[in-house]
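Colleague: Before we discuss how the parts of this protein meet, could you put the sequence and the structure in front of us?

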Amino acid sequence: MIQSVLPYFSAPLQRILAALPAHMLSDLQEIRIRENRPLELIRAGGSRFVTAEGRTAEDSEAAYRPTREDCRTLLELLTQHSLYTFEEELKRGFITIAGGHRVGLAGRTVVEQGRVKYVKDVASFNIRIAREWKGAAAGVAPHLLEPGTRRLCRTLVISPPQLGKTTLVRDLARLLSSGSAEAGIGGRSFKVGIVDERSEIAACVRGVPRFDVGPRTDVLDGCPKAEGMMMMIRSMSPEVLIADEIGRSEDAAAIHEALHAGIGLIATAHGRDVDDVRRRPILKELLAGGVFDRFVVLSRAAGEGSGAGAPRTAVYDAQGRRLDERLSLRGGLS
């Protein structure tokens, strides 16, 4: 995966990152680049700084410090030398690149009428490495089908950032679309529609998914969720809609439209658990209306840091009863 992001870096950073040993890259989650501050890697096992020779170090003083030129080159390549073209992404604070990798941005903001117009003088970058983990959702999928009818339950996947919710829904799309035996869903397959607003689930390039999201899956790439769900309903007749990170009022309206059309739904939301997402007004409304039949909650074990180990996964029904044995999700990215 590191090979797909290397072309965005300056020559010095490319040389440093390419020199890292293979085992350091196998579970790489984030590359943190901050102007004139230590170069940092986040792995499943924790954080390490990186020296100018491509070695890791615990001491930040030994680390390479990306220059203004390094950062300028990175931003120019991310925006294809046109900040204006990427104004909407800069306003949101991240850019998604080919392969589904999301690059978070921080710096000085330009504000108009009390709202952020875009991020200027970008001095911090967080390159989050997307990975495909086939089988990640195999233990979850059987609990999302209603016994007897084999109807897909309307499901909300809840997780703090970077525990694997996008990885999970990507694999759910593959399993449901293919009717794969590994999912334990009795060969039942579905027409799946993915509204991939951030280009992270399917990692499309020119509309074609680079990740395996199944043979009966259609993707609307880079499309706002609410509008995309309505477009999918009208044009592609999906049996299942998948959308990442819901939470706006227009998302709720589109979800209700999908339910009225009898379409299954898998969505994700940031949060620690069901009670946590219930504190958000739009999600509170959806939960109070009984929109979701299943909740998949990803969490860390007590005392584990943000980069440690695989997250724990639990599946609950609408009454809060746990349906699964203890699961763990491989990977933990996105």
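**Confidence and domain interface**

Modeller: The protein averages a pLDDT (the predictor's confidence in each residue, from 0 to 100) of 89, and 93% of the residues score at least 70. This is a predicted model, in which local features need pLDDT of at least 70 and side-chain atom pairs count only at pLDDT 80 or more, while totals for chains, interfaces and linings use all residues. Residues are numbered from 1 along each chain as its sequence is written, and side-chain values use heavy atoms, with hydrogens and water left out.

Colleague: Over which residues is the pLDDT below 50?

Modeller: Where pLDDT is low, the predicted coordinates should not be read in detail. That caution bears on a stretch which, beyond near neighbours in sequence, has 35 contacts (heavy atoms within 4.5 Å) in the model. The pLDDT is below 50 over residues 328-334.

Colleague: What area is buried between domain 1 and domain 2?

Modeller: By an automatic or database domain assignment, the protein is divided into domain 1 (6-128) and domain 2 (141-317), whose centres, taken over C-alpha atoms, are separated by 28 Å. Across the boundary, 14 residues of domain 1 are in contact with twelve residues of domain 2. Carbon and sulfur atoms give 38% of the buried area (the accessible area, with a 1.4 Å probe, that two parts lose on being put together, summed over both), and the total is about 970 Å².

Colleague: Which residue's side chain meets that of Arg102 in a salt bridge at 2.8 Å?

Modeller: The rule (a side-chain nitrogen of Lys or Arg within 4 Å of a carboxyl oxygen of Asp or Glu) finds three salt bridges across the interface of domain 1 and domain 2. The side chain of Arg102 meets that of Glu245 in a salt bridge at 3.6 Å, N to O. At 2.8 Å, N to O, the salt-bridge partner of Arg102 is Glu200.
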